[in-house]
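Please read this briefing alongside the sequence and the structure shown below. The points are grouped by topic.

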Amino acid sequence: DDGKLYRWLKKAGWREVILTPSSDGYCNIKLGNRKLYPLHRVIYKIYNPEWNINDNSKKNHIDHINRNRSDNSIENLRVVTQQQNNFNTKAKGYTFHKQKNKYMATITINGKHKHLGYYDTPEEAEDAYLVAKSLYHQI
């Protein structure tokens with residue numbers, strides 16, 4: 001709710017607010033001449049005043065539930081760990097490697113990335129990831 005955001009900013013004493021899109025699809029907000037914050041963190045803070053916006057630890061990420069980085073409605077935001085936030089990605093287990101013009105499959109094991117190979121299609125890369133997941137991500 002833009003109205004609530006601006007009322008909160010005015011109440012907090014901010015006179016100058018600059019919204020800027022970032023290259024990764026998020027929107028950032030600069031309050032006065034101070035620190036630049038991701039807009040979704042500011043909105044979450046407005047609705048959850050006890051939450052520490054400056055805690056950038058691995059246990060304090062804000063996740064967009066529907067994966068839409070421009071949907072900053074409070075219903076779409078939740079606090080998660082870094083690992084949980086990584087679970088909520090579209091291309092899980094692979095990315096496109098521009099230099100090789102192939103899909104690169106990787107898996108994280110105990111915080112370390114393991115390279116699984118390069119593949120011609122996203123389906124092949126995803127299959128490689130799923131095989132590795134069945135081996136390494138056993139609970």
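## Salt bridges and overall layout

Asp-63 and Arg-78 join their side chains in a salt bridge, with a distance of 2.8 Å from N to O. Because Asp-63 belongs to strand 4 and Arg-78 to strand 5, the pair ties together parts that are 15 residues apart in sequence. The model is a predicted one, and a search of the whole structure finds two salt bridges, of which the other is taken up below together with the fold, the aromatic pairs and the surface patches.

**Fold and burial**

- The protein contains four helices and eight strands, and when it is read along the sequence these follow the pattern α-β-β-β-α-β-β-α-β-β-β-α.
- Of the 139 residues in the protein, 28% are buried.
- Helix 2, which spans residues 39-47, is mostly covered, since eight of its nine residues are buried; these are Leu-39, His-40, Arg-41, Val-42, Ile-43, Tyr-44, Lys-45 and Ile-46.

**The two salt bridges**

- Within the Asp-63 and Arg-78 pair, Asp-63 has a relative accessible area of 3% and is therefore buried, given that buried means under 20%.
- Its partner Arg-78, at 35% relative accessibility, counts as partly exposed.
- In the other salt bridge, the side chains of Lys-102 and Asp-120 meet at 2.4 Å, again from N to O.
- This pair links distant parts of the chain, with Lys-102 in strand 7 (residues 102-109) and Asp-120 in the loop between strand 8 (112-119) and helix 4, 18 residues apart.
- Lys-102 counts as partly exposed at 28% relative accessibility, whereas Asp-120 is exposed, with a relative accessible area of 54%.

**Aromatic pairs**

- Three aromatic pairs are found in a search of the whole structure.
- In one of them, the rings of Tyr-44 and Trp-51 have centres 5.1 Å apart and planes at 80 degrees, and the pair is therefore edge-to-face.
- Tyr-44 is buried, at a relative accessible area of 13%, and Trp-51 is likewise buried, at 8%.
- For Tyr-94 and Tyr-103, the ring centres lie 6.1 Å apart and the planes stand at 75 degrees, so this pair too is edge-to-face.
- Tyr-94 counts as buried at 16% relative accessibility, while Tyr-103, at 21%, counts as partly exposed.
- Tyr-94 and Tyr-103 also belong, with Phe-96, to a cluster that is linked by ring pairs.

**Loop residues and contacts across the sequence**

- Glu-75 is placed in the loop between strand 4 (61-64) and strand 5 (77-80), and with a relative accessible area of 62% this residue is exposed.
- Although Glu-75 and Tyr-44 are 31 residues apart in sequence, their C-alpha atoms are 9.6 Å apart in space; Tyr-44 is one of the buried residues of helix 2.
- Thr-121 is found in the loop between strand 8 and helix 4, which is also the loop that holds Asp-120.
- Thr-121 has a relative accessible area of 29% and is partly exposed.
- Thr-121 and Met-104 are separated by 17 residues in sequence and by 9.5 Å in space, C-alpha to C-alpha.

**Surface patches**

- A patch of negative charge on the surface is formed where Glu-123, Glu-124, Glu-126 and Asp-127 gather; one of these residues, Glu-123, has its place in helix 4 (residues 122-136).
- Val-131, Leu-135 and Tyr-136 make a nonpolar surface patch of about 300 Å², and Val-131 is found in helix 4.
- As general background to helical positions, an α-helix has 3.6 residues a turn, so residues three or four places apart point the same way.

Key: Residues are numbered from 1 along each chain as its sequence is written. This is a predicted model: local features need pLDDT of at least 70, side-chain atom pairs count only at pLDDT 80 or more; totals for chains, interfaces and linings use all residues. Side-chain values use heavy atoms; hydrogens and water are left out. Patches are made of residues with over 30% relative accessible area and no salt bridge: like charges are joined within 9 Å, nonpolar side chains (Val, Leu, Ile, Met, Phe, Trp, Tyr) within 5 Å. Accessible areas come from the Shrake-Rupley method with a 1.4 Å probe; for residues, only the protein chains shown count as cover. A salt bridge is a side-chain nitrogen of Lys or Arg within 4 Å of a carboxyl oxygen of Asp or Glu. Lys and Arg count as positive and Asp and Glu as negative; His and the chain ends are not counted. The place of a charge is taken as NZ of Lys, CZ of Arg, CG of Asp or CD of Glu. Helices (H or I, at least four residues) and strands (E, at least two) are DSSP runs, numbered from the N terminus. Rings of Phe, Tyr and Trp (its six-membered ring) pair if their centres lie within 6.5 Å; planes under 30 degrees apart count as stacked, over 60 as edge-to-face and the rest as tilted. Buried means under 20% relative accessible area, exposed over 50%, partly exposed in between (1.4 Å probe, protein chains only).
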